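Biologist: Please give me a close look at a single part of this model. Then show me how that part sits with the rest.

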Amino acid sequence: MPNAKVLESKKAVVAALVEQLKNAQSGVLVDYSGITVAEDTELRAKLREGEVKYGVVKNNMVRRALDASGLQELDSVLEGTTSLATGEEDPIAPIRIITDYAKQLGKEKFHIKAAFMEGKILNDDEIAKLSALSSKKDLQAQAMGTLLAPIVSLAAVLAAIVESKGGAPAEEAPAAE
């Protein structure tokens with residue numbers, strides 16, 4: 001039986017994992033057994049850029065956290081080495097980054113054990129489809145470009161009309177201070 005100090009520290013780790021899982025919009029469990037330190041460092045840098053939390057987890061502790069978070073169906077994949085990547089802001093980021101990295105390294109070195117999004121366990125086909133999507137920021141930028149395109153076109157047409165009539169474009173009003 002572990003002493004009280006060790007037991008409390010393990011309970012704190014499980015509680016932190018439960019909180020991480022509850023705050024996550026999505027997550028990926030990975031078998032990282034074949035990667036080198038340099039490859040792991042590169043992966044962690046990419047995940048940080050994508051605002052994804054990533055860390056190596058002990059199977060027993062993550063099993064308890066998954067059970068407490070209502071994701072007990074993932075218990076069956078908790079064999080061997082396991083790491084967990086979760087995304088709070090962009091639900092696609094952990095899935096996209098991990099999938100791209102798994103393709104780059106090959107399945108024998110690094111592969112996805114399982115993934116979830118908003119409490120639902122994803123199958124391999126769903127993981128593949130989600131990994132092909134753009135990031136949340138890219139999608140927002142595309143939407144803004146789509147919304148601004150008609151306004152920019154209208155401004156260009158109006159400027160051309162004014163110019164063709166021989167008038168000068170109106171001067172800009174001074175900015176309010």
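Modeller: The close look goes to helix H1, with the pocket and a few residues after it.

This is a predicted model, so read it with its cut-offs: local features need pLDDT of at least 70, side-chain atom pairs count only at pLDDT 80 or more, and totals for chains, interfaces and linings use all residues. Residues are numbered from 1 along each chain as its sequence is written, and side-chain values use heavy atoms, without hydrogens or water.

First, the setting. The protein chain has six helices and five strands. Helices (H or I, at least four residues) and strands (E, at least two) are DSSP runs, numbered from the N terminus. Read from that end, the order is α-β-α-β-α-β-α-β-β-α-α. Of the 177 residues, 34% are buried. Buried means under 20% relative accessible area, exposed over 50%, and partly exposed in between, with a 1.4 Å probe and protein chains only. Take the contacts (heavy atoms within 4.5 Å) with a separation of 6 or more: residues 24 or more positions apart account for 79% of them.

Now H1. The helix covers residues 4–23, which is 20 residues. From first C-alpha to last, H1 reaches 28 Å, close to the 28 Å expected at 1.5 Å a residue. That expected span is 1.5 Å times one less than the number of residues.

Which residues of H1 are buried? They are Val14, Leu17, Val18, Gln20 and Leu21. These residues cover an arc of only 165 degrees around the axis, so they sit on the same side of H1. The arc is taken from the directions that run from the helix axis to the C-beta atoms. What covers them includes strand E2 (52–56), helix H3 (59–68), strand E3 (83–87) and strand E4 (111–117). Turn to the face away from the buried side, and you find the exposed residues Ala4, Lys5 and Lys22.

The N-terminal end of H1 has a cap. Asn3 sits in the segment before H1 and is partly exposed, at 46% relative accessible area. A side-chain oxygen of Asn3 lies 3.1 Å from the backbone nitrogen of Lys5. The Asn3 side chain also reaches the backbone nitrogen of Val6, at 2.8 Å.

E4 links this picture to the largest pocket. E4 helps cover the buried residues of H1. The largest pocket has a volume of about 300 Å³. The elements that give two or more residues to its lining are helix H4 (93–105), E4 and helix H5 (124–131). H5 gives the most, with four residues. Lining residues include Lys107, His111 and Asp124.

Ala102 also lines the largest pocket, and its place is in H4. Ala102 counts as buried because its relative accessibility is 13%. Beyond neighbours within four places in sequence, Ala102 is in contact with Lys107 and Phe110. Ala102 and Tyr32 are 70 residues apart in sequence but 9.4 Å apart in space, C-alpha to C-alpha.

Last, helix H2 (residues 37–49), where Glu39 lies. Asp40 lies in H2 too. Glu39 is buried at 15% relative accessibility, and Asp40 is buried at 17%. With neighbours within four places set aside, Glu39 is in contact with Gly34, Tyr101, Leu105 and Lys109. Under that rule, Asp40 is in contact with Ile35, Tyr54 and Tyr101.

Definitions and conventions. Polar contact = N/O pair within 3.5 Å; in protein donor to acceptor, adjacent residues only side chain to side chain. 1 Å grid on protein atoms, 1.4 Å probe; cavity = no way out; pocket = protein on both sides within 12 Å on 5 of 7 lines; lining within 4 Å. Points joined across faces, edges and corners; volume = space filled by probe spheres on them.
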